[in-house]
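Student: I have a model open on my screen and would like to walk through it with you. Could we start with a salt bridge and work inward from there?

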Amino acid sequence: MQRLTNKVVLVSGAGSGIGKASAVRIAAEGGSVFCIDLNAEAVEATAGEIAANGGEATARVCDVSDEASVQKTVQACVERYSRLDGLVNMAGILRFDDTQELQTAHWQKVIDVNLTGTMFLCRSVLPHLVETQGSIVNAASTAALSGLPSGLAYSASKGGVLAMTRSIAVEYAKRGVRANCICPGDINTGMTDSISFPETMDFDLMPRIMSLTGAKAPEVVAGVIVMLVSEDGVHITGEDIRVDGGTLS
Ligand code: NAD
């Protein structure tokens with residue numbers, strides 16, 4: 001399928017996992033991808049892989065929690081491609097802490113990257129998406145929909161992303177911009193490979209975050225993201241789609 005021919009999509013977190021799989025899939029469907037990530041080597045590798053397969057991609061280092069860095073990045077994307085049709089906001093971090101022991105700095109870091117970083121990007125791209133009648137896909141989580149033991153900061157950040165996305169969807173509906181969330185669960189990525197738990201973690205509660213059908217590769221989420229960004233998602237806005245193998249079913 002070539003659903004994104006002549007479209008330009010900015011993907012955050014494009015160096016790994018769901019962001020990388022989305023960037024690769026967008027390019028495979030004919031789109032130009034502006035790949036951003038904090039990890040320079042990883043984002044260059046994603047853009048290189050896309051180019052090696054005949055796709056169009058640009059790599060840029062950007063810390064999504066840095067307001068100035070985000071503004072310059074969106075400007076660079078529009079200068080490079082003269083338009084912007086989509087934002088796939090996948091940059092994120094996860095940490096588990098015993099809630100009573102949660103340090104304010106750790107709370108703040110998760111909120112800064114997952115929630116404020118998502119907002120910085122949404123805010124910066126919106127004028128361009130109004131011009132192109134574009135679409136945003138943000139990364140929420142099953143943690144936005146159900147309690148995540150020892151995941152206070154992460155679940156708060158993802159609940160915020162979900163609420164923010166609905167607000168954007170309503171505010172911009174008449175201006176032709178759509179905004180949706182995906183709520184992945186149990187996807188094998190760098191994030192899930194590097195989880196560490198506090199000693200007090202109650203593993204009896206872990207099934208609340210485990211898929212019924214086994215963990216899956218990030219490509220299963222990328223396909224849903226591309227549907228939402230493309231014309232196939234034209235009548236979907238303010239929606240959150242679980243891609244969690246039935247965890248919360
Ligand atoms: P990942 O760790 O594989 O990829 C995240 C990417 O974000 C990395 O390349 C990392 O370098 C980048 N990043 C981190 N901080 C950044 C910053 N400040 N600025 C720019 N880039 C930054 O993770 P993933 O599993 O692919 O997660 C993608 C999104 O999906 C995240 O928002 C995550 O919270 C969400 N999510 C994932 C799962 C899952 O099961 N993997 C479940 C629910 C939600």
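Student: Happy to begin. Which residue forms a salt bridge with Glu-56?

Tutor: Keep in mind that this is a predicted model. Glu-56 lies in strand β3 and its partner in helix α3, so the pair ties together parts that are 24 residues apart in sequence. The closest N and O atoms are 2.9 Å apart, and the partner is Arg-80.

Student: Is Arg-80 buried, partly exposed or exposed?

Tutor: Buried means under 20% relative accessible area and exposed means over 50%, with partly exposed in between. Glu-56 has a relative accessible area of 31%, so it is partly exposed. Arg-80 has 43% relative accessibility, so this residue counts as partly exposed.

Student: How many salt bridges does the structure hold?

Tutor: Glu-56 with Arg-80 is one of them. Another joins the side chains of Asp-97 and Arg-95, at 2.8 Å from N to O. For the whole structure, the number is eleven.

Student: In the salt bridge of Asp-97 and Arg-95, which partner is buried?

Tutor: We can use the 20% limit for buried residues again. Arg-95 has 31% relative accessibility, so it counts as partly exposed. The relative accessible area of the other partner is 13%, so the buried one is Asp-97.

Student: What is the relative accessibility of Asp-244, the salt-bridge partner of Arg-242?

Tutor: The closest N and O atoms of Arg-242 and Asp-244 are 2.9 Å apart. Arg-242 is partly exposed, with a relative accessible area of 32%. Asp-244 counts as buried, and its relative accessibility is 3%.

Student: Which residues are joined into one network by salt bridges that share partners?

Tutor: Here the link is the shared partners, which join the salt bridges into one network. The members are Arg-3, Arg-25, Glu-29 and Asp-232.

Student: Now the sheet. Which are its edge strands?

Tutor: The sheet is open and has seven strands with parallel pairing, in the order β3-β2-β1-β4-β5-β6-β7. From one strand to the next, the twist averages 15°. An edge strand pairs on one side only, and here the edges are β3 (56-61) and β7 (240-243).

Student: Which residue of β7 is the bridge partner of Ile-182?

Tutor: Strand β6 covers residues 178-184, and it pairs with β7 in the parallel sense over four bridges. The bridge partner of Ile-182 in β7 is Ile-241.

Student: At what angle does helix α2 run to β3?

Tutor: A second helix makes a good companion here: α3 packs on the sheet, touching β1, β2 and β3, and its direction makes about 155° with that of β3. Helix α2 (residues 40-52) lies across β2 and β3, and its angle to β3 is about 175°.

Student: How many residues of β5 are buried?

Tutor: Strand β5 spans residues 135-139. Ser-135, Val-137 and Ala-139 point one way, while Ile-136 and Asn-138 point the other way, and all are buried. The strand is mostly covered, with a buried count of five of its five residues.

Student: Which residue stands opposite Asn-138 in β4?

Tutor: Strand β4 (residues 86-89) pairs with β5 in the parallel sense over four bridges. The chain crosses from β4 through α4 to β5 in a right-handed β-α-β crossover. Opposite Asn-138 stands Asn-89.

Student: And which residue in β6 is the bridge partner of Asn-138?

Tutor: Five bridges join β5 to β6, and these two strands run parallel. The chain goes from β5 through α5 to β6, in a crossover that is right-handed. In β6, the bridge partner of Asn-138 is Cys-181.

Student: Last topic: which element gives the most to the largest nonpolar core?

Tutor: That core has 29 residues, and Leu-10, Leu-84, Leu-121, Ile-136 and Ile-168 have the most contacts inside it. At least two residues each come from β1 (8-12), β2 (32-37), α3 (67-81), α4 (104-132) and α5 (152-172). With seven residues, the element that gives the most is α4.

Student: How many residues are in the other core, the one with Ala-23 and Ile-225?

Tutor: This core lies apart from the largest one. Its members include Ala-23, Ile-50, Ala-57 and Ile-225, and its size is 27 residues.

Methods. Residues are numbered from 1 along each chain as its sequence is written. This is a predicted model: local features need pLDDT of at least 70, side-chain atom pairs count only at pLDDT 80 or more; totals for chains, interfaces and linings use all residues. Side-chain values use heavy atoms; hydrogens and water are left out. A nonpolar core is a set of buried Ala, Val, Leu, Ile, Met, Phe, Trp, Tyr and Cys residues joined through side-chain atoms within 4.5 Å. Buried means under 20% relative accessible area, exposed over 50%, partly exposed in between (1.4 Å probe, protein chains only). Two strands pair if DSSP finds at least two bridges between them. Axes are lines fitted to C-alpha atoms, for helices over the stretch in contact, and angles run from 0 to 180 degrees between N-to-C directions. Contact means heavy atoms within 4.5 Å. A crossover is right-handed if, with the strands pointing away from the viewer, the path from the first strand over the helix to the second runs clockwise. A salt bridge is a side-chain nitrogen of Lys or Arg within 4 Å of a carboxyl oxygen of Asp or Glu.
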